[in-house]
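Work through the exercises below with the sequence and the coordinates open. Each task is followed by a solution in steps.

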Amino acid sequence: MKDFYICECVQHENKIITSSFVVVSKQIKPKKSGEPYLALTLGDRSGHLEAKMWDNVEGVLNAFEQDDFLKIKGLVNKYKNRFQLTVHKLRKLGESEIEFADYLPKTTKNIDELWQTLSDFVASIRSPHLRSVIQAFMADPETAAAYRNAPAAKTLHHAYIGGLLDHVVSLFRSCDLMCRNYPQMNRDLLLSGAFLHDVGKIHELTYNRSFSYTTRGQLLGHMVIELEMLHAKIALVPGFPDELKTLLEHLIISHHGQYDFGSPKLPMFPEALMLHYLDDLDSKMEAMRAHFEREADLESPWTSYNASLGRPLLNTAKFLAPKKSSHPDPSSSLEPVVEADPESAPPSAASSPDEIPTDETDEIPILPGLDPQG
């Protein structure tokens with residue numbers, strides 16, 4: 001297990017750490033002098049961290065690629081109020097050194113319980129044709145295994161193992177509640193659309209090392225893939241009505257809600273419109289929750305800018321929390337002042353890298369010419 005996770009940056013600010021990461025992205029950029037530097041996005045199961053290697057990079061430029069695993073020694077610091085890692089040394093890890101569970105975030109919820117909740121909702125669909133086609137997906141061992149494990153997105157929302165299932169179960173609950181408030185809605189159709197709207201993500205995304213797109217996902221997108229999957233499963237249900245098939249197809253291709261967001265058609269019937277808004281709501285609520293979690297250690301109730309939502313966010317729980325008193329306790333003035341003995345003070349945790357004790361596993365001697373910079 002790793003000694004340091006990205007979520008622990010606050011406790012290690014201005015300290016040297018040695019840990020392993022997966023390379024989410026790799027770019028080689030020029031300095032003003034024209035010399036190259038490395039700009040990396042590193043990942044583990046707790047999040048992502050930007051990293052820069054400024055010096056002695058020539059020997060490592062071609063030593064690793066995206067999705068490789070690295071052991072890195074470097075300084076955790078802040079730039080523009082965001083944590084980053086200044087890399088001093090790195091080396092590529094061998095397969096035997098990799099604990100894959102350390103690198104991909106996973107839902108904290110029980111997958112079996114989520115799958116059972118999903119199954120119960122599907123069993124409540126009254127239309128035999130709709131119920132049969134959804135159960136055909138769930139009965140397919142390959143599809144079921146992927147549906148239980150896939151993320152719902154690469155970065156924007158539910159971007160963790162089990163995220164797709166978590167998202168759809170949440171969406172089912174919202175659909176069920178909204179159908180009680182709007183009894184004119186076709187609940188069977190809405191639930192079917194909720195199950196199908198992102199099922200193509202199991203082929204669009206890859207999540208063995210980091211979350212990225214498959215070639216098919218890049219070229220086609222999950223909606224086209226979903227139409228293919230739907231047609232294959234409908235062929236297994238005798239007498240499936242053409243009208244229902246058309247409605248399911250529309251639910252799939254319109255659920256992003258806008259042309260600019262990739263939908264070739266706008267939602268044109270009530271269930272399609274509701275699916276779009278509930279899907280959008282669930283994804284945005286999860287994006288906010290995850291952002292608050294990432295910045296839980298920050299004192300300010302305001303978060304940093306959230307790129308997917310296009311704004312900073314106010315954490316109302318922090319904003320409404322009782323404020324710490326700015327008035328000192330009068331009794332504290334009665335305590336004697338003890339001067340620290342400079343000779344007995346412990347060494348700074350941010351000493352130069354050469355002074356930090358490391359064991360053999362922390363040494364990274366494989367790639368030459370990587371002397372750490374202070």
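## Exercises on a predicted model

Aspartate 67 sits in the loop that connects β3 and β4. The model is a predicted one, and the exercises start from this loop.

**Exercise 1.** Find the sign of phi at aspartate 67 and at asparagine 56, then classify the exposure of asparagine 56.

Solution.
- Step 1. For aspartate 67, phi is near 80 degrees, a positive value in a residue other than glycine.
- Step 2. Asparagine 56 is found in the loop between β3 (47-53) and β4 (69-79). Its phi is near 55 degrees, again positive in a residue other than glycine.
- Step 3. For comparison, most residues other than glycine have a negative phi.
- Step 4. The relative accessible area of asparagine 56 is 33%. Buried requires under 20% and exposed over 50%, so asparagine 56 is partly exposed.

**Exercise 2.** Describe how strands β8 and β9 pair, and examine the turn of their hairpin.

Solution.
- Step 1. Strand β8 covers residues 302-306 and strand β9 covers residues 311-314; they pair in the antiparallel sense over three bridges.
- Step 2. Tyrosine 305 has proline 312 in β9 as its bridge partner.
- Step 3. Four residues lie between the two strands of the hairpin. In the turn, glycine 310 has a positive phi of about 70 degrees.

**Exercise 3.** Is glutamate 286 buried or exposed? Locate the residue and give its C-alpha separation from histidine 167.

Solution.
- Step 1. Glutamate 286 belongs to helix α10, which spans residues 270-294.
- Step 2. The relative accessible area of glutamate 286 is 10%; this is under the 20% cut-off, so the residue is buried.
- Step 3. Glutamate 286 and histidine 167 are 119 residues apart along the chain, yet their C-alpha atoms are separated by 8.8 Å.

**Exercise 4.** Identify the residues of the nonpolar surface patch that includes valine 224, and assign the exposure class of valine 224.

Solution.
- Step 1. Leu219, Leu220 and Val224 make a nonpolar surface patch of about 280 Å².
- Step 2. Valine 224 is placed in helix α8 (residues 222-234).
- Step 3. Its relative accessibility is 36%, between the 20% and 50% limits, so valine 224 counts as partly exposed.

**Exercise 5.** How many cavities of 30 Å³ or more does the whole structure hold, and which residues line the largest cavity?

Solution.
- Step 1. The search over the whole structure returns one cavity of 30 Å³ or more.
- Step 2. The largest cavity has a volume of about 40 Å³.
- Step 3. Its lining residues include Phe292, Glu295, Leu298, Trp302, Asn315 and Lys318.

Note on methods. Residues numbered from 1 in each chain as written. Predicted model: local features only at pLDDT ≥ 70, side-chain atom pairs only at ≥ 80, totals over all residues. Heavy atoms only, no water. Buried < 20%, exposed > 50% of the residue type's maximum accessible area, 1.4 Å probe, protein only. Patch = residues over 30% accessible without salt bridge, like charges linked within 9 Å, V, L, I, M, F, W, Y side chains within 5 Å. Areas by Shrake-Rupley, 256 points an atom, 1.4 Å probe, with all protein chains shown as cover. Salt bridge = Lys/Arg side-chain N within 4 Å of Asp/Glu carboxyl O. Pairing = 2+ DSSP bridges. 1 Å grid on protein atoms, 1.4 Å probe; cavity = no way out; pocket = protein on both sides within 12 Å on 5 of 7 lines; lining within 4 Å. Points joined across faces, edges and corners; volume = space filled by probe spheres on them.
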